[in-house]
Amino acid sequence: MIRLGLRLSLSSGREAAARLALIVAGVAAGVAVLLATLSLFNAFQATAGRACWECTSGSAPSGWALDATADGALWNYHEDFYGGRTIKRLDAAALGTRAPVIPGLSRMPVPGQYYASPALAALLDSAPREELAARFPGTRAGLIGDAALSGPDELVVVVGQTPDQVAAMPGARQVDTVSSMPAVDDSTDVYRFGFGVAAVGLIVPLLVLVGTATRLAAARRETRFAAIRLVGATTRQVNVLAAVDAALGALIGTLAGFAVFQLVRPAVTGVRITGARFFPDLVAPHLWQYAAVLGGVPVVAACAALWSLRRVRISPLGVARKTATSPPRAWRVIPLLAGLGMFAGPVYRDGKPDDLLSIVALALIMAGLMLAGPWLTMVAARLAARLTRGGATLLAARRLAADPKTAFRSVSGLVLAVFIGTTIAALVPTVVAGQQKVAGGTLNDVLGARFSRPGVSGLSPRAGTELLDRLRARPGVDVLPIYARADLEDVPPRPDGPPPAPYVVECAALARFPVLGRCPVNIDGRGARAVAGNFARIVGADNPLTVDRLLPLATPASPPASADGLDLAAVMITTRDPATLERLRTLLAGYTVEAPMTFAEIAQVRADLYTRAENVALAMVGLTLVAGACGLVVAAGGGLVERRQPFTLLRLAGTPTRTLAAVVLLESALPLVLAAALAAGAGFGVAEPLIDALAMKSASFAMPGPVYFASLGGGLAASLLVILTTLPLLRRMTTPDNARFE
């Protein structure tokens with residue numbers, strides 16, 4: 001029977017060949033998309049699992065002094081910033097002959113030398129020396145290898161120093177071995193979640209695509225199986241023929257998908273899912289993944305073919321009898337409405353989200369989208385049939401209303417992807433816009449630098465004065481010094497009030513930063529010389545959205561104070577010249593614990609993380625739209641093959657070819673547009689209450705960016721255009737010769 005099944009699939013005329021070609025094309029497209037997703041996930045996993053030499057910890061060299069018997073090395077790892085990009089910097093000094101070496105280097109640099117990553121080396125060659133290269137003393141000794149990098153675009157530098165120089169740096173550590181543990185942070189979890197969601201959103205449409213492809217021309221196959229049953233074949237033998245037919249097309253399509261993926265792989269290596277490229281050799285499926293796809297897709301296709309025959313019973317006399325399906329009922333929309341209602345009410349009770357209720361509500365919405373689709377398709381089709389007067393719309397609407405489950409099945413894989421992508425695309429622009437509008441945007445160009453660290457209140461008065469003189473000597477620069485109070489131990493805490501303010505600013509300097517507040521006026525009409533407040537709290541704030549809750553920092557109730565003899569804890573600087581900003585950052589790099597950053601840059605760093613998560617979601621939407629378009633093409637082509645005779649009779653009865661083409665287009669377009677609109681509406685319905693619950697002072701609802709509309713609208717338009725490519729077949733398939741009855 002297997003040999004007979006192969007002959008029937010390969011040697012049954014042009015109709016069988018056309019059906020096989022459609023199956024191969026649909027499965028090949030789905031397999032190529034699946035392999036691309038697996039490749040990006042493998043590259044991400046390999047990058048996230050690399051040894052995190054940056055995570056190396058050690059003991060603080062408190063009171064350190066050079067010991068001739070010491071071994072290991074002194075390290076000071078911190079991050080720098082240039083032109084909106086983060087630079088990983090390691091200052092290292094060997095203490096003996098067995099000093100640890102990071103991956104990617106054969107030896108650590110000696111004092112007066114440094115190693116740079118290829119991307120940073122190119123940047124050093126192009127940027128003015130006083131803006132970047134001056135931060136790294138010495139000469140470049142070579143390049144850092146790929147083993148120390150997460151991608152070809154990463155900026156990393158390892159600077160050789162003397163032990164005394166490193167020991168004097170804030171945060172210096174004495175290390176003996178380099179950490180071999182992978183890095184684990186919030187962004188890694190975000191990306192893993194994004195890939196998990198993408199897998200769920202992508203596997204469903206791919207399964208739908210394979211199932212749709214293997215059910216092509218079901219009525220014609222059932223007639224053929226009835227004839228085979230009439231000559232003596234058993235039900236089991238008919239099932240074997242159906243499984244072989246489907247598995248053969250899926251196998252050839254899988255092999256074709258492998259070839260297509262190899263052609264598009266160079267483009268896949270350039271995808272920046274995490275904001276940076278992966279190393280090209282990492283962007284590839286594993287051998288076991290190739291084997292799993294090669295073996296799994298034909299099995300899924302065979303199972304789909306057998307499932308499609310579950311309602312067909314072929315008698316020994318060769319009569320195919322089908323059981324009618326009941327129309328979908330209105331109860332299918334209840335879970336969707338219940339989930340949306342929970343998001344609008346109980347999930348955000350008292351302005352705080354309830355974790356359990358939010359999970360239940362999301363589950364109800366996602367299940368409701370899948371359940372409600374067929375019922376809404378039926379309602380929309382019946383409404384169109386009732387309101388329309390055109391023959392094409394009437395024919396398409398009647399067919400959709402007769403079998404809405406099958407019509408919605410071909411686009412059901414799009415629903416979850418569009419829903420999740422819309423929710424994220426609605427949230428990210430709102431949060432990003434809110435961070436960039438902190439204090440009305442007046443703080444965006446303010447550069448903040450902290451000098452205090454645990455155990456040290458800041459720069460000494462002498463060092464602070466020297467630094468302030470150097471900063472103020474530059475034209476177009478305003479500086480707000482923030483001093484650390486040394487008398488807090490003498491201030492008794494107030495049990496009924498806030499704790500004493502730990503920082504002091506001079507009122508003359510504060511006047512140039514009015515967004516932070518104003519100094520109070522004394523009874524005699526004179527202003528205070530300096531006031532105390534929590535001014536350093538906003539310098540280097542991790543989340544700019546928290547700054548709005550702190551402003552203004554100076555109020556009429558702020559206690560007067562004096563800045564005389566206090567350590568310099570932080571500074572806030574304004575300048576509108578980007579080159580001057582980088583020179584100031586280079587100057588401050590020798591004093592600060594962390595890289596000095598403007599509020600706009602801090603917001604951009606967080607926005608990059610959110611945008612990368614959004615890119616993962618939108619990439620998932622784009623891939624599922626591609627898979628959905630392939631499924632629609634296969635379904636449309638299969639529908640033409642299956643309804644060749646009815647369409648021929650309609651054409652012979654006087655129906656114009658353009659009317660039949662409109663029928664095919666409407667049958668595909670209505671479920672597609674309805675599914676996308678339903679999922680997008682549910683996504684906005686979830687995002688709006690979440691934005692209100694965040695209660696962000698500077699954030700208001702922002703529409704998704706152009707990438708979202710390009711992904712969704714472009715995908716829908718491309719899907720419809722692809723469907724149009726099947727319409728030229730209609731004229732050839734409805735010639736009078738096809739009107740004969742077999």
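The following exercises, each with a worked solution, concern a predicted model.

**Exercise 1. Aromatic pairs**

Classify the pair Y114 and F136 from its ring geometry, and state where its two residues lie.

Solution. A pair of aromatic rings is described by the distance of the centres and the angle of the planes. The structure holds three aromatic pairs. In the pair of Y114 and F136, the ring centres are 6.1 Å apart and the planes stand at 50°. Planes under 30 degrees apart count as stacked and those over 60 as edge-to-face, so this pair is tilted. Next, the positions are read off: Y114 belongs to strand β3 (residues 113-116), while F136 sits in the loop between α3 (118-126) and β4 (139-143). The pair thereby links distant parts of the chain, 22 residues apart. Finally, the cover of each residue is considered. Y114 has a relative accessible area of 7% and is buried; F136, at 1%, is buried too.

**Exercise 2. A pair between two helices**

Determine the class of the pair F258 and Y290, and which helices it ties together.

Solution. The ring centres of F258 and Y290 are 5.2 Å apart, with planes at 85°. As planes over 60 degrees apart count as edge-to-face, the pair is edge-to-face. F258 lies in helix α7 and Y290 in helix α8 (residues 287-308), so parts that are 32 residues apart in sequence are tied together. F258 is buried, with a relative accessible area of 16%. Helix α7 (residues 235-268) also contains L255, which is partly exposed at 45%. With L251 and L294, L255 makes a nonpolar surface patch of about 230 Å².

**Exercise 3. The buried face of a helix**

Establish how the buried residues of helix α19 are arranged about its axis.

Solution. First, the buried residues of α19 (residues 644-652) are identified as R644, F647 and T648. Seen down the helix axis, these residues fall within an arc of 105°, so they line one face of α19. After the helix comes G654, whose phi is positive, near 110°.

**Exercise 4. Strand order**

Which strands stand at the edges of the six-stranded open sheet?

Solution. Strands of a sheet pair through backbone hydrogen bonds, either parallel or antiparallel. Here the order is β12-β11-β10-β13-β9-β14, with antiparallel pairing. The edges are β12 (530-533) and β14 (597-598); each has a single partner strand, so one side of each lacks a neighbour in the sheet. Within the sheet, β9 (residues 446-450) and β13 (residues 567-574) pair over five bridges in the antiparallel sense. V446 stands opposite T574 in β13.

Notes: Residues are numbered from 1 along each chain as its sequence is written. This is a predicted model: local features need pLDDT of at least 70, side-chain atom pairs count only at pLDDT 80 or more; totals for chains, interfaces and linings use all residues. Side-chain values use heavy atoms; hydrogens and water are left out. Patches are made of residues with over 30% relative accessible area and no salt bridge: like charges are joined within 9 Å, nonpolar side chains (Val, Leu, Ile, Met, Phe, Trp, Tyr) within 5 Å. Accessible areas come from the Shrake-Rupley method with a 1.4 Å probe; for residues, only the protein chains shown count as cover. A salt bridge is a side-chain nitrogen of Lys or Arg within 4 Å of a carboxyl oxygen of Asp or Glu. Helices (H or I, at least four residues) and strands (E, at least two) are DSSP runs, numbered from the N terminus. Buried means under 20% relative accessible area, exposed over 50%, partly exposed in between (1.4 Å probe, protein chains only). Rings of Phe, Tyr and Trp (its six-membered ring) pair if their centres lie within 6.5 Å; planes under 30 degrees apart count as stacked, over 60 as edge-to-face and the rest as tilted. The arc is that of the directions from the helix axis to the C-beta atoms. Two strands pair if DSSP finds at least two bridges between them.
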